[in-house]
Amino acid sequence: MRFRPLLVLLLLISVAASADDLAGRRLLFVSGEADGAATLMILDLAQPLLPRPLASMCDEDGAPLTASQATLSPEADAVAFRYGAPGGSGRIHLLDPSVPGELRPFGNHEADADEGMPDWSPDGSMLALISDRGGTVDLYVVDALEGELSRRLTNDDARESDPAWHPDAVGLAYVGDADGDEEIYLTDALGGAPRQLTHNTWADLDPVWHPDGRRLALVTTVPGEKLVPASPSAPDSGGAKAAFGPESPYVDIETAPATVVVENRDIVMLDTVDGSLEFVVSSPGSDIQPAFSADGRYLAFASDRSGDYELYVYDLETGFLKQVTFNSAADDLNPLWLEER
Ligand SMILES: [Ca+2]
Ligand SMILES: [Ca+2]
Ligand SMILES: [Ca+2]
Ligand SMILES: [Ca+2]
């Protein structure tokens with residue numbers, strides 16, 4: 001009997017020790033209410049029940065804030081996000097995560113253009129973004145300070161989305177629907193013909209680079225048939241070879257059934273050197289918006305497996321999965337690790 005408190009204490013210490021790696025880490029995320037308001041929140045993973053808002057739920061005119069598509073600068077000193085109602089015209093705004101409150105509109109925005117999906121270059125000097133300012137939805141690179149146009153990387157009727165800079169800044173992964181559904185492409189940062197990484201008939205979305213610069217996490221739509229990576233001898237679409245080397249990254253996936261009954265999204269990891277594909281996060285729900293911690297150990301993502309969207313953290317080393325938001329009144333989305341890269 002005398003030893004029981006000691007045993008309990010030892011158990012508590014061991015639980016605390018196993019949680020220590022996440023303690024001290026923070027996530028920034030978007031929390032969306034049923035009335036359409038969506039604001040930026042900060043979550044200390046040591047206190048998952050107490051997220052705090054980074055911005056007011058209303059803008060300066062009292063209208064509900066509708067933030068989405070957030071990204072963090074490499075120094076973790078600025079958040080860029082799309083500000084605007086879904087379906088309407090959006091504009092990129094900036095916020096300093098250490099100074100909650102004031103939103104700053106970004107760049108030289110044309111009044112009727114819809115812009116969003118910002119992603120910072122690894123050195124912080126450039127922002128990739130998606131804009132229809134040129135008449136079609138395209139991928140642009142702009143100066144991160146002034147928003148001056150640096151480069152237009154696509155110019156076509158396809159809809160591009162979700163740009164993600166390679167950690168070495170040699171190029172960007174993004175989503176395009178030129179072949180009829182969303183596929184992952186790679187483009188050299190200086191432009192040129194993109195290389196198509198996925199070839200299938202369902203939506204492939206949300207590419208993010210693992211810090212190793214070799215693997216990409218992406219969201220795929222599970223069509224009820226297993227994804228089959230192509231043999232390395234399959235033809236590729238050419239282009240962007242300078243950036244990604246002769247061992248060109250691609251994956252060829254067998255044609256899906258014509259009808260997809262349930263839209264089930266999972267997170268897969270694509271090795272861009274050997275083309276292998278691995279399911280990392282899989283549930284009957286929609287598992288989306290992967291985000292790697294700077295050290296590559298953790299993958300945060302959003303999932304509606306519990307009925308509404310909550311955030312989860314998956315430990316790639318141990319396979320341990322942890323739910324970190326518990327808020328059935330709001331969709332918790334778009335996790336970002338609030339740390340320097
Ligand atoms: Ca386009
Ligand atoms: Ca596809
Ligand atoms: Ca799923
Ligand atoms: Ca929720």
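Here are a few friendly points on some of the strands in this predicted model.

1. Let's start with strand β1, which covers residues 26-33. This strand is mostly covered, with six of its eight residues buried. Here a residue counts as buried if 20 or more other C-beta atoms lie within 10 Å of its own.

2. One partner of β1 is strand β2, residues 38-44. The two run antiparallel and are joined by seven bridges. If you would like a pair to look for on screen, find L27, which stands opposite L43 in β2.

3. The turn that links these strands deserves a look as well. β1 and β2 make a hairpin, and four residues lie between them. Within that turn, G36 has a positive phi of about 100 degrees.

4. β1 also pairs with strand β24, made up of residues 330-337. Six bridges hold this antiparallel pairing. Here E33 of β1 is the residue to find, as it stands opposite A330 in β24.

5. Moving along the chain, you will come to an open sheet of four strands, in the order β12-β13-β14-β15 and with antiparallel pairing. The edges are taken by β12 (161-165) and β15 (195-196); each has a single partner strand, so one side of each is left without a neighbour in the sheet.

6. Inside that order, strand β13 (residues 171-176) and strand β14 (residues 183-188) run antiparallel, with six bridges between them. A handy pair for finding your way is G171, which stands opposite D188 in β14.

Definitions and conventions. Residues numbered from 1 in each chain as written. Chains lettered and ligands numbered in written order. Predicted model: local features only at pLDDT ≥ 70, side-chain atom pairs only at ≥ 80, totals over all residues. Buried ≥ 20, exposed ≤ 12 C-beta atoms within 10 Å, placed from the backbone. Pairing = 2+ DSSP bridges.
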